[in-house]
Amino acid sequence: MKRLAIVGSTGSIGKQTLEVIKKMRDHKVVALSCGHNFSLFKDQLLDYKPEYAAAIRDTGELKRDFPEITFFSGVEGIKEMLEAANPDVVVNSASGAVGLRYSLKALEVSKRLCLANKESLVCGGKLLVKRAAEKGVEIIPVDSEHSGIFQLMHGEEERPEKIFITASGGALRDYPLVKIENALLEEVLKHPTWSMGNRITIDSATMVNKGLEVIEAHYLFDYEEKNILTYICRNSFIHGGVIYKDGVIKMHLGKPDMKIPIAYALSYPARKYQADYMDITEMSLSLEKVDYKRYPALELAREIVGIPSKQIAYNAADEIAVKYFERGAINFGGIFKLIKRVVELIPEGEPRDFDEIIEIDRYSRELAKKEVAKLW
Ligand SMILES: NC(=O)c1ccc[n+]([C@@H]2O[C@H](COP(=O)([O-])OP(=O)(O)OC[C@H]3O[C@@H](n4cnc5c(N)ncnc54)[C@H](OP(=O)(O)O)[C@@H]3O)[C@@H](O)[C@H]2O)c1
């Protein structure tokens, strides 16, 4: 049994990881962490009985209820939990740039990082990939598109000339352009194909998520922006593809179900997960071009691929903008306006180390909060 730690077990990916573990019976859950959702976390602790647990919130009340578990609190506490648990595998399914801290710790203490937290690569891609290579730790993508490409490349001698990832187009893909600006939160949260956490669902409607994924692909697979294509696949059956110099295109198909890429990341190179597969005659397989008038945030992300300071700013401004949109403080169109403004204000640069990454992230968030006041 492999020893498994999950960071962000109460989130959408975290919960599905636990479902996969129950089915595959190949991993022992030794550490779990959450942010603030103690009611679900308590059920998970009862069910999986990890040796170690942590939360962003103070874990004092949990210590009383679960005396046999060693608890930690705060961001540093989650890192200490990973250190103490000594896991073989870490699933990083925390949301946000903070995830980079857990990814770097996972590289120190484990042999495999199953990476859902794309912000780790967006903010610290070079550092993370370099450190993983130095430590001999595998980074296996959990994002369905990247998992698809990873699987397509596995065992091939030749590198594809181009790779592509798909997007559903999000909840507003058929809205009249003039209405998008003021789309309501409940409309934006109605994702047409995937069931996910709030931020990523909102990010699907703006295609910030696809922007982050283009950057993620740049670092994971070492492709220039121009060779990472993006298409809309309305039913999300096609996740990604690779294009070879001889004209051959290979595509990765399957149900839009995150448990499948999660299971693959855990069991790679084996396939141990059992799931229903689709009747291929009932799959409509088609790809559409992305219209940047509808999704300007994707075009902006493409312009900043490989410029780390601006990538960090893009993500940080989006994290802030999404929170403002959820609270009703800005309209949907305001998310892109705010990101664009912050990305413009942050100078081009390459952070020299982790501390500089954190500083650019902090400053971008500060700028985003100031700019909100100016723009609205
Ligand atoms: N959802 C998907 O289908 C999907 C697909 C591909 C990639 N991803 C990526 O996977 C990551 C997680 O997405 P998600 O949709 O699962 O998010 P989510 O549902 O919002 O869950 C986030 C998890 O992180 C925890 N958390 C919040 N703040 C934290 C902090 N400061 N430190 C540590 N943990 C913290 C949350 O805890 P509490 O809830 O207890 O506060 C929760 O367990 C994101 O990077 C996302 O882009 C998600």
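A residue counts as buried here when its relative accessible area is under 20%, and that cut-off is worth keeping in mind while touring this predicted model.

Begin by selecting Thr201, which has its place in helix α10, residues 198-206. With a relative accessible area of 3%, Thr201 is therefore classed as buried. If neighbours within four places in sequence are left aside, the residues in contact with Thr201 are Val188, Leu189, His191 and Met196, and showing these four as sticks displays the surroundings of the Thr201 side chain and backbone.

Next, colour residues 139-221, the span that UniProt, in an unreviewed entry, lists as "domain: 1-deoxy-D-xylulose 5-phosphate reductoisomerase C-terminal". This span is 49% helix and 11% strand, and the C-alpha atoms at its two ends lie 11 Å apart.

Now move to the ligand, which is surrounded by 26 residues, the closest being Thr10, Gly35, Tyr102, Glu119 and Asp143. Select Thr10 and look for the polar side-chain atom that lies 2.7 Å from an oxygen atom of the ligand. Continue to Gly11, where a backbone N or O atom lies 3.0 Å from a ligand oxygen atom, and then to Ser12, where a backbone N or O atom is placed 2.9 Å from an oxygen atom of the ligand. Taken alone, the ligand exposes 900 Å², of which the protein buries 84%.

From there, step to Ile13, which lies in helix α1, residues 12-24. Is Ile13 buried or exposed? Its relative accessible area is 17%, so Ile13 is buried. Apart from neighbours within four places in sequence, Ile13 is in contact with Ser93, Ala116, Val142, Met258 and Ile262. For a distance across the model, select Gln274 as well: Ile13 and Gln274 are 261 residues apart along the chain, and their C-alpha atoms are separated by 18 Å.

Finish at helix α16, residues 354-375, and draw a distance between its end C-alpha atoms, which are 31 Å apart. At 1.5 Å a residue, the 22 residues of α16 should span 32 Å, so the two values agree. The buried residues of this helix are Phe354, Ile357, Ile360, Asp361, Ser364, Arg365, Leu367, Ala368, Glu371 and Val372. In viewing such a list, recall that an α-helix has 3.6 residues a turn, so residues three or four places apart point the same way. To see what the buried residues of α16 pack against, display α5 (99-109), α6 (119-135), α14 (308-327) and α15 (332-345).

Key: Residues are numbered from 1 along each chain as its sequence is written. This is a predicted model: local features need pLDDT of at least 70, side-chain atom pairs count only at pLDDT 80 or more; totals for chains, interfaces and linings use all residues. Side-chain values use heavy atoms; hydrogens and water are left out. Helices (H or I, at least four residues) and strands (E, at least two) are DSSP runs, numbered from the N terminus. The expected span of a helix is 1.5 Å times one less than its number of residues. Buried means under 20% relative accessible area, exposed over 50%, partly exposed in between (1.4 Å probe, protein chains only). Contact means heavy atoms within 4.5 Å. UniProt positions are given in the numbering used here, feature names are shortened, and annotations may be inferred rather than shown by experiment. A residue is near a molecule or strand if one of its heavy atoms lies within 4 Å of it. A polar contact is a pair of N or O atoms within 3.5 Å; within protein, one must be able to donate a hydrogen and the other to accept it, and residues adjacent in sequence count only if both atoms are side-chain atoms. Accessible areas come from the Shrake-Rupley method with a 1.4 Å probe; for residues, only the protein chains shown count as cover.
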